[in-house]
Amino acid sequence: FSAVRRMEAATTPEMALMAKERSNPRFDVDAMKDFLCGGRAQAELKDKATTRIATDPVLRTTDSIVFDLTRPQARARSMQQIKRIVELRRSEIKGQEEQTALYKLMNQYCRSYGMRMYVHDTLFRESILTHGTPEQFKAWQDPIDDMKVIGCFAMTELGHSSFLRGLETTATYDSENQQFIINSPTLTATKWWIGMAGQVATHTVAICNLIINGKNHGLQWFIVPLRDPKTGRLLPGVECGDIGAKAGRHGLDNGWIQFHNTAIPREYMLMKWTQVSPRGEITVSADNPALAYNTLIGERILVPMGVADSVGQAITIGLRYALVRTQGERDQQIIDYQSHYCQLMPILAITYAAALVGRSIFAEWSEALKNQDQDKDRFLRSLADYHGISAGLKAWLGWWGAEALEIIRRCMGGHGYSAYSAIPAQINDFAVITQGGGDNTVLAQQTARYLLSSIRKAYTGKKVTGSAAYLAEIQQHKSNPLPTPPIPENSEFPLPALLAALKWLAIEQVSNSAAVMLAETSTKNKKIEDAWNDNMMTLLDGSRAHTWYYIVNRFAEMVAVCGSDDGPQQQQANAQNGCLATGMRLVALAAVHRVNAEMALFLEGGYFTPQHAKQLRQQEATLARQIRQDAALLVDALGFPDWILKSPLGCYDGNVYPKYFAMIRSAPLGGDNSESVPDIHDPPAYWTESVQPLIARY
């Protein structure tokens, strides 16, 4: 290690490059951090949580060990972290805001920890909050919040996932004993992919078909005990197991559950919206299809912030590495190759969009949940729109995030293939976003269904609200489907023109979807299911155009009031300290990037000419080059410390090579001896058995 120590003692060329990148800031980095966090107070909470985790030996693990843990070790580690967090909740951290800040940061650091806590705190807890009566939630709230029980959420089955009406698990009411009898009638009814069910969950909220006197009354929610909290052993009538190796999140015990005449008290059915009396009489308080997806709406609304976290860490690593890696005849920074900055800068811009839009819609949804019991009718009316936009956000941002992560990995060259770059782990941990909580293809279609319903309202003059409110302009759009060219050829497109183009495309594609479905079902007399399948790509075009217009337009709205969380004075300060101008450049890049991504549809619809397309492509490259000047500071503002990134190639000071080499040299052997560092002079354990016999022949 002597050479490494000598290099670390001096300023390396890479460190000098990184320092130079930060030497002429065009905006206030701390103010931008505050803006992304939602204000100075939230940023201070994050800083406090950062200090706490960074100095806690249980919460934070040696970086190199993270990538070499076995599955059992990863499981044990994530539960050790949860145990420590609960200890801190009980003793030192009483305030809800502090607890939330700590949870968010731990989720950024360890995805398995984050998913375990999410399953318990959100899926399990919110199922009881949104489907249970206030009395039921009150009875369970303290045990859940203090983790005296550990909960999971049992929806998906071995043979059924996003198609809830296909679920087979039954809950049959026994009026004589006032119990529900839970059963998995077939192999395909086995609950599958259930986080925390594999090893530790003591209870689950299970979605089952309610059967009373032989009649199926549809899906309802039931609390079902799984394990004895004292011994951890499975209870009678319950079988659970681990589903084994996965692509990522190895510290989460995804499992399977089978119920065999499992008896639960009548009071364990969650009865806010549907009630069953002791005699088996059923009362339905609200018959809203969106209630079936209510718990999952919250899960999907979290996706934009999850995308911002995962892609944000990866783009921080990728850009910092590109800023200090030099290559080519002129030995220039690879970030200055157009092939690099034109790929990475749009990812950075949309990461900012995901962070801000995610924070905004999550705040709205949290407020709706908090007030649902005070105004149930208003809450129920809002569900369709929340369902429609949350499904679209999960689908289209989820797909975008998976693609962005792979682009970043490739832009790092050979080192991007190393686990110690931290990018492969981000890719593998993120992959579940495209399938878990509803397959993205199915969710994108659910958004399309919502849009068809909304545009029918608009056509008949009914009020359209929420994310689809712009569809009220459909009559104007149809009377003037091709407005005059939005901008002269060979001119730069201002942001309003780009936003207008994205709105036009959304209206055009949603109206096309409605027209083709009407023609197929009325003129050609096709069944709705056949017409849907035969025109699915057109429907998905509308879903995608709508979702991306929502993201970019809301991003523009939020940046326009940059700093308003801290009041008008901070908003004015950000207009002067460069944050507003920098933010608007990011908005413009995100907008022009999305316009170019949909150029085929714009050309097909006659909105743009080929010359416009050429100009817009050049405009994107120019904007990407401009934002490249701020690359180091923009990723600094995302606020990921080195210990969260876990990547020597993305270190803050730019000293990538000594830190990378040191991590490799300290990497453990893995397997049962995973904390042992190998001696480079010794042969591997398999030498005697497999290598020596080969070479001994010569």
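**Salt bridges in the predicted model**

Good morning. Let me begin with a single residue: Glu21 counts as buried, because its relative accessibility is 14%, and the cut-off for that class is under 20%. I should say at once that this is a predicted model.

What does Glu21 form a salt bridge with? The partner is Arg628, and the closest N and O atoms of the two lie 2.9 Å apart. This pair links distant parts of the chain, since Glu21 belongs to helix H2, residues 13-21, whereas Arg628 belongs to helix H23, residues 610-628. The separation along the chain is 607 residues. Is Arg628 buried or exposed? Arg628 is buried, with a relative accessible area of 6%.

The pair also has further company. Glu21 and Arg628 belong to a network of salt bridges that includes Asp336 and Arg625 as well.

I turn now to two other pairs. In the salt bridge between Arg40 and Asp34, the N to O distance is 2.9 Å. Here Asp34 is buried, at 12% relative accessible area, while Arg40 is partly exposed, at 33%.

The other pair is Asp534 with Lys526, a salt bridge in which the closest N and O atoms are 2.6 Å apart. Asp534 is partly exposed, with a relative accessible area of 47%. Lys526 is likewise partly exposed, its value being 28%.

Finally, how many salt bridges does a search of the whole structure find? The search finds 36, among them the pair of Glu21 and Arg628 with which I began. Thank you.

Conventions. Residues are numbered from 1 along each chain as its sequence is written. This is a predicted model: local features need pLDDT of at least 70, side-chain atom pairs count only at pLDDT 80 or more; totals for chains, interfaces and linings use all residues. Side-chain values use heavy atoms; hydrogens and water are left out. A salt bridge is a side-chain nitrogen of Lys or Arg within 4 Å of a carboxyl oxygen of Asp or Glu. Helices (H or I, at least four residues) and strands (E, at least two) are DSSP runs, numbered from the N terminus. Buried means under 20% relative accessible area, exposed over 50%, partly exposed in between (1.4 Å probe, protein chains only).
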